[in-house]
Amino acid sequence: MRLRVEFTTEPFDLDEAPAHALAAREVIETAELDAVDVGPFGNTAEGGADSVLTAVDALLRKSLKAGATRISLQVNVIDDGFGEGDR
């Protein structure tokens, strides 16, 4: 199964990326994911279910520890087939 995660962390700072946003970005960019798109107002990544769920766990923990007061995320199934290692 493939998943897509979309997320934002708050509070926003338009002048400089806050520590919680940098922590989330590091998690997503170093995870074993496909099609990572990191932007100032939203972030998206896709990958196998295990990889996405592992990354989401790390993202939540590290972003909160780095000062996020709110994390909004949405996870969508983008393929209902089974990939190797995702059963």
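Okay, let's start at one residue and work outwards: Gly48 sits in strand S3. Before I go on, a reminder that this is a predicted model, so everything I quote is computed from it.

Is Gly48 buried or exposed? Its relative accessibility is 15%, and the cut-off for buried is under 20%, so Gly48 counts as buried. If you want a distance to check on your screen, take Gly48 and Ala35: they are 13 residues apart along the chain, and their C-alpha atoms are separated by 12 Å.

Staying in strand S3, have a look at Glu46. This one is a glutamate that counts as buried, because its relative accessibility comes out at 17%. What does its side chain do in there? There's a polar contact, at 3.0 Å, between the side chains of Glu46 and Arg4. Leaving out residues up to four places away in sequence, Glu46 also touches a whole set of others, among them Leu3, Leu33, Val52 and Ile78.

Now let's zoom out to the sheet. In which order do the strands come? It's an open sheet of 4 strands, ordered S2-S3-S1-S4, with antiparallel pairing. At the edges you have S2 and S4, the latter being residues 70-79, and each of those pairs on one side only. From one strand to the next, the twist averages 20°.

Let me walk through two of the pairings. S2 and S3 run antiparallel and are joined by 3 bridges. A hairpin of 4 residues makes the connection from S2 to S3. If you want a register point there, Val38 stands opposite Asn43 in S3. Then there's S1 with S4: how many bridges do they share? That pair is antiparallel over 9 bridges, and here the register point is Arg2, which stands opposite Asp79 in S4.

Next, how does helix H1 relate to all this? H1 packs on the sheet and touches S1, S2 and S3, and its direction makes about 165° with that of S1.

A quick sanity check on the helix geometry. H1 covers residues 19-30, so that's 12 residues, and at 1.5 Å a residue the expected span is 16 Å; the end C-alpha atoms are 16 Å apart, so the two agree.

Which residues of H1 are buried? They are His20, Ala23, Ala24, Val27 and Ile28. Looking down the axis of H1, those buried residues fall within an arc of 130°, so they line one face of the helix. And what covers them? The cover includes strands S1 (2-10), S2 (34-38) and S3 (43-48), along with helix H2 (49-65).

Flip to the face of H1 turned away from that buried side, and you find the exposed residues Glu26, Glu29 and Thr30. Let me pick out Glu26, which is in helix H1. It has 53% relative accessibility, and exposed means over 50%, so Glu26 counts as exposed. Its C-alpha atom is separated by 8.7 Å from that of Leu59, a residue 33 places away along the chain.

So, two glutamates to take away: Glu46 in strand S3, which counts as buried at 17%, and Glu26 in helix H1, which counts as exposed at 53%. That's my tour, thanks.

Note on methods: Residues numbered from 1 in each chain as written. Predicted model: local features only at pLDDT ≥ 70, side-chain atom pairs only at ≥ 80, totals over all residues. Heavy atoms only, no water. Expected span 1.5 Å × (residues − 1). Buried < 20%, exposed > 50% of the residue type's maximum accessible area, 1.4 Å probe, protein only. Arc of directions from axis to C-beta. Contact = heavy atoms within 4.5 Å. Pairing = 2+ DSSP bridges. Polar contact = N/O pair within 3.5 Å; in protein donor to acceptor, adjacent residues only side chain to side chain. Axes fitted to C-alpha atoms, helices over the stretch in contact; angles between N-to-C directions.
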